[in-house]
Amino acid sequence: MRFCVLGSGSKGNATFVESGQTRLLIDAGFSGKEIEHRLAGIGVGAETLSGILITHEHTDHIKGAAILSRRFRLPVFINEATLAAAGTVLDKLSQCHPFVTGETFVFQDFQIHPYAISHDTADPVGFLLNNGRALMGYCTDTGVVSKLMRHRLSNCHGLVLECNHDPELLRNGPYPPSLQQRVRGKSGHLANEDAAGFLSDILHDGLEHVVLSHLSETNNRPHLAENAMNAMLEALRQQRGACPVPVISLAHQDRVGEVVTLRGSAG
């Protein structure tokens with residue numbers, strides 16, 4: 001399995017995932033033209049896509065979904081509450097395949113499990129993608145980490161994990177109090193330390209690569225997100241003497257991230 005975060009942040013989100021002949025986008029929050037451009041940057045033609053998975057209805061996750069669906073006759077997988085909340089932005093899809101949050105479905109080379117997350121939208125989800133050898137988890141746009149999320153993502157070989165903000169930067173930044181409360185609330189976004197704590201809970205020898213994503217350009221800095229993860233790993237080393245150390249990389253808003261290949265159980 002391969003995956004690549006094409007871009008992540010408040011201005012647009014899209015992640016490419018591939019196994020066998022199946023090529024998916026998780027979210028399509030840039031313009032169709034921009035997504036085609038970013039896919040071309042990793043050697044993927046948009047015409048070879050198989051489908052689009054949608055996490056929730058915010059514009060930075062769905063902006064280009066309809067145009068790509070029509071242009072390349074792509075099925076869009078989305079739950080009914082999110083489709084309704086998206087309104088006219090997603091009212092002209094080439095194909096629409098509703099799923100039920102919490103129920104696994106199969107599409108070509110993938111088993112796909114949409115699990116509930118906590119965000120200020122109609123029925124937001126993360127995804128767990130299984131190709132029979134590797135598990136890839138997608139977990140962004142959530143204000144808290146639940147037992148369900150820990151359970152679903154505990155065996156991942158690859159993980160896209162939200163690392164949105166530094167609390168001090170948020171507190172002393174330009175956001176008004178109401179927006180600060182939204183970001184740090186239970187239906188907002190994960191702070192760096194919260195993401196690090198979550199990763200600590202699910203860390204295991206089979207976890208190969210973690211991509212820190214949805215970093216706020218205003219309320220975070222790449223080194224602060226990395227420092228939170230490094231501090232967590234160092235604390236675990238002191239407690240245990242040793243701990244698994246996956247590759248940790250950063251997603252970017254303005255450019256394509258690293259193309260990650262997962263070995264999975266075939267490793």
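Which residues of helix α8 (residues 192-202) are buried? Keep that selection in mind; the tour comes to it after a look at the whole chain. The model is predicted.

**Whole chain**

Show the protein chain as a cartoon: 9 helices and 14 strands should appear. The radius of gyration is 17 Å, close to the 18 Å that the globule rule gives for 267 residues, so the chain is as compact as a globular protein of that length. Along the principal axes, the C-alpha trace spans about 55 × 50 × 35 Å. Colour by accessibility, and 55% of the 267 residues count as buried. Of the contacts between residues at least 6 apart in sequence, 66% join residues at least 24 apart.

**Helix α8**

Select residues 192-202, which form helix α8. The buried residues here are Asn 192, Ala 195, Ala 196, Phe 198, Leu 199, Ser 200 and Ile 202. In an α-helix there are 3.6 residues a turn, so residues three or four places apart point the same way. Now add the surroundings. The cover over the buried residues of α8 includes three strands listed before the loop region, best selected by number: β10 (135-139), β11 (158-162) and β12 (209-213). Also included are β13 (247-250) and the helices α5 (147-153) and α9 (222-240).

**The loop after α9**

Move to Ala 242, in the loop between α9 and β13. Is Ala 242 buried or exposed? Ala 242 is exposed, with a relative accessible area of 51%. Leaving aside residues up to four places away in sequence, Ala 242 touches Leu 236 and Arg 237.

**Largest pocket**

Turn on a surface and centre on Ser 10, Asn 164, Tyr 175, His 189 and His 214. These are the closest to the centre of the largest pocket, among the 18 residues that line it. The space in this pocket is about 250 Å³. Helix α7 (residues 177-184) gives the most to the lining, with 3 residues. By class, the lining has 10 polar, 4 nonpolar and 4 charged residues.

**Second largest pocket**

Next, select Leu 215, Glu 217, Pro 222, Ala 251 and Gln 253, which lie nearest the centre of the second largest pocket. This pocket has a volume of about 210 Å³, and 13 residues line it. The lining divides into 4 nonpolar, 5 polar and 4 charged residues.

**The cavity**

Rolling a probe the size of a water molecule over the atoms shows where empty space is left. How many cavities of 30 Å³ or more does the structure hold? There is 1, and about 30 Å³ of space lies in the largest cavity. To find the site, select Val 5, Val 211, Ser 249, Leu 250, Ala 251, Gly 257, Glu 258 and Val 260, which line the cavity. This lining has 5 nonpolar, 2 polar and 1 charged residue.

**Cysteines**

Finish with the cysteine sulfurs. Why is Cys 4 not bonded to Cys 156? The sulfur of Cys 156 is the closest cysteine sulfur to that of Cys 4, but at 18 Å it is too far for a bond. Cys 4 counts as buried, at 1% relative accessibility. Cys 139 has Cys 156 as the closest partner by sulfur, and the 9.2 Å separation is too far for a bond. Cys 139 is buried, with a relative accessible area of 0%. The disulfide count comes to 0.

Methods: Residues numbered from 1 in each chain as written. Predicted model: local features only at pLDDT ≥ 70, side-chain atom pairs only at ≥ 80, totals over all residues. Heavy atoms only, no water. 1 Å grid on protein atoms, 1.4 Å probe; cavity = no way out; pocket = protein on both sides within 12 Å on 5 of 7 lines; lining within 4 Å. Points joined across faces, edges and corners; volume = space filled by probe spheres on them. Helix = DSSP H or I, 4+ residues; strand = E, 2+ residues; numbered from the N terminus. Nonpolar A, V, L, I, M, F, W, Y, C, P; charged D, E, K, R; others polar. Disulfide = S-S within 2.5 Å. Buried < 20%, exposed > 50% of the residue type's maximum accessible area, 1.4 Å probe, protein only. Rg over C-alpha atoms; globule rule 2.2 N^0.38 Å. Contact = heavy atoms within 4.5 Å.
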